[in-house]
Amino acid sequence: MAGNQYRTNSRTKIMAYLTANRDQAVSVKDIDIHMKEEKCPVNLTTIYRYLDKLEKEGSLIRYTDEGDKATYQYVDRERKCGEHLHLKCTACGAVVHLDCEFMDEISSHVLEHHGFLLQCRNSVLYGLCEKCREKAQKGKNTD
């Protein structure tokens, strides 16, 4: 019984962390550090297993960055992440959902002109978010 309580407690805290950070992608290392801060250390294998379960349920998107390092983002099912692209900031890790009418235009263009049906789930365009872009511009202007 104590094992189940521990597992439930750790999963609850992992989920709370993921939902609190839903606007960015987080790594297993980020989750591990948070769990230690919460005085709820969890085996890394347990974290990976739980993230895998959440991804299969559709509650989590897994992004593979440079060097095959994975990051994860909690998504509400209402967001329909399989239907739109994501924009990820290479500086701060923020993730923006491109869930606007423009996605219909992109999908239609790609299908009509290139014969390619987009599969948007886990699809990411990398760049700088507005805040990081402004910070980078300010840094250039002070040189």
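In what order do the three strands of the open sheet run? The order is E4-E3-E5, and the pairing is mixed. This is a predicted model, and the sheet is a good place to enter it.

Start at the edges. Strand E4, residues 95-98, is one edge strand. Strand E5, residues 124-127, is the other. Each of them pairs on one side only. From one strand to the next, the twist averages 25°.

Now take the pairing of E3 with E4. Strands of a sheet pair through backbone hydrogen bonds, either parallel or antiparallel. Strand E3 covers residues 85-89. Its pairing with E4 is antiparallel and runs over four bridges. A pair of histidines marks the register: His-86 stands opposite His-97 in E4.

Step back to the whole chain. The protein chain holds five helices and five strands. Read from the N terminus, the elements follow the pattern α-α-α-β-β-β-β-α-β-α. Three helices therefore lead, by that order. Four strands come next in the pattern, then a helix, a strand and a final helix.

How much of the protein chain is buried? Buried residues make up 34% of its 143 residues, taking under 20% relative accessible area as the cut-off. The accessible surface of the protein chain comes to about 9,600 Å². Carbon and sulfur atoms account for 50% of that surface.

Contacts complete the picture. Consider those in the protein chain with a separation of 6 or more. Residues 24 or more positions apart account for 51% of them.

Technical notes
Residues are numbered from 1 along each chain as its sequence is written. This is a predicted model: local features need pLDDT of at least 70, side-chain atom pairs count only at pLDDT 80 or more; totals for chains, interfaces and linings use all residues. Side-chain values use heavy atoms; hydrogens and water are left out. Helices (H or I, at least four residues) and strands (E, at least two) are DSSP runs, numbered from the N terminus. Buried means under 20% relative accessible area, exposed over 50%, partly exposed in between (1.4 Å probe, protein chains only). Contact means heavy atoms within 4.5 Å. Accessible areas come from the Shrake-Rupley method with a 1.4 Å probe; for residues, only the protein chains shown count as cover. Two strands pair if DSSP finds at least two bridges between them. Axes are lines fitted to C-alpha atoms, for helices over the stretch in contact, and angles run from 0 to 180 degrees between N-to-C directions.
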